[in-house]
Amino acid sequence: MSAAGAFAALHDGPAPLLLPNAWDVASALALVAGGHPAVGTTSLGVAAAAGIPDASRAGLAATVDLARSLARLPVPVTVDLADGFADDPAEVAALVVGLPAAGVNLEDGTGGRLVDPALHAAKVAAVAEAAPGVFLNARVDTYWLGEDADLTTTLARARRYVAAGADGVFVPGRLGEAEIAVLTSELPVPVNVLAGAHPLHRLAELGVRRVSTGSLLFRAALDAAVAVAARLRDGEAAPPATPYAEVEARTAAYGG
């Protein structure tokens with residue numbers, strides 16, 4: 001089975017796919033070592049690590065570079081492409097065709113605002129036609145941006161993207177259980193939400209098929225690094241950490 005086929009199959013398992021999002025090769029290798037069957041990327045993590053604002057299109061090169069760097073992972077990789085880094089559907093489709101990825105995520109917000117759903121549907125259709133083997137997750141940013149954040153608008157946008165060829169729908173933001181249940185019952189493709197507000201077992205009961213960590217792991221890693229530095233500054237002992245030799249061995253094996 002191809003990586004794309006294996007990734008698609010993970011959305012139909014006995015439990016929702018918990019998709020951890022990496023921001024570099026080291027974090028991706030650590031997640032694979034932790035037993036995760038697939039890895040995604042996080043646009044915030046990739047952009048912030050490069051000193052680039054996430055709410056812009058300046059992260060294109062860093063995103064493509066990371067996708068290519070992760071091509072040899074032994075698990076499927078899905079790439080967070082934000083809004084596709086372009087308005088032209090043909091440009092977005094060409095970008096996806098050139099990526100060694102099992103899946104991509106495309107959001108219908110640009111610069112902190114929702115775009116015309118017709119434009120996003122055109123991007124989805126172009127990608128679906130040009131790269132039919134890639135699992136295309138169409139993100140609906142109504143709740144995330146707090147703009148038209150209601151089920152009627154969200155479902156209308158999502159259905160439009162599904163009709164255009166999306167394989168899944170991602171609705172990030174603060175969603176109650178009742179809202180999630182409506183989305184999973186009304187949409188004919190796997191529904192993806194963010195991790196955090198509801199435990200995985202409850203999301204399974206509500207019909208969710210994919211749960212993404214988004215930028216959470218990256219932000220938590222920043223917090224952990226600052227906390228360790230503070231402990232050392234304050235005279236405390238260093239906490240346990242992955243041994244240097246283990247990180248080096250992972251990297252050497254991956255690069256070899």
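Helices, as I use the word here, are DSSP runs of H or I with at least four residues, numbered from the N terminus. With that settled, I looked up Asp148 in this predicted model, and I place Asp148 in the loop between helix 7 (142–145) and helix 8 (151–164).

I then checked the backbone of Asp148, and I noted a phi near 55 degrees, a positive value in a residue other than glycine. Is Asp148 buried or exposed? I find neither word right, because its relative accessibility of 43% makes Asp148 partly exposed.

I turned next to Ala82, which also is not a glycine and has a positive phi of about 50 degrees. I located Ala82 in the loop between strand 4 (77–80) and helix 5 (89–97). Ala82 has a relative accessible area of 9%, and since buried means under 20%, I enter Ala82 as buried.

I went on to look for enclosed space, and I recorded 1 cavity of 30 Å³ or more in the structure; the volume of the largest cavity is about 60 Å³. Which residues line the largest cavity? I listed Ser43, Val46, Ala47, Pro53, Asp54, Ser56, Gly59, Thr63, Ala82 and Phe85, and so met Ala82 again, the buried residue with the positive phi.

I sorted this lining by class and obtained 5 nonpolar, 4 polar and 1 charged residues. I also asked which element gives the largest share of the lining, and I noted helix 3 (residues 43–49), with 3 residues.

Definitions and conventions:
Residues are numbered from 1 along each chain as its sequence is written. This is a predicted model: local features need pLDDT of at least 70, side-chain atom pairs count only at pLDDT 80 or more; totals for chains, interfaces and linings use all residues. Side-chain values use heavy atoms; hydrogens and water are left out. Helices (H or I, at least four residues) and strands (E, at least two) are DSSP runs, numbered from the N terminus. Buried means under 20% relative accessible area, exposed over 50%, partly exposed in between (1.4 Å probe, protein chains only). On a 1 Å grid over the protein atoms alone, a cavity is a set of points where a 1.4 Å probe fits but cannot get out, and a pocket is an open set with protein on both sides within 12 Å along at least five of seven lines; lining residues have an atom within 4 Å of a point. Grid points are joined across faces, edges and corners, and a volume is the space filled by probe spheres set on the points. Ala, Val, Leu, Ile, Met, Phe, Trp, Tyr, Cys and Pro count as nonpolar, Asp, Glu, Lys and Arg as charged, and the others, Gly among them, as polar.
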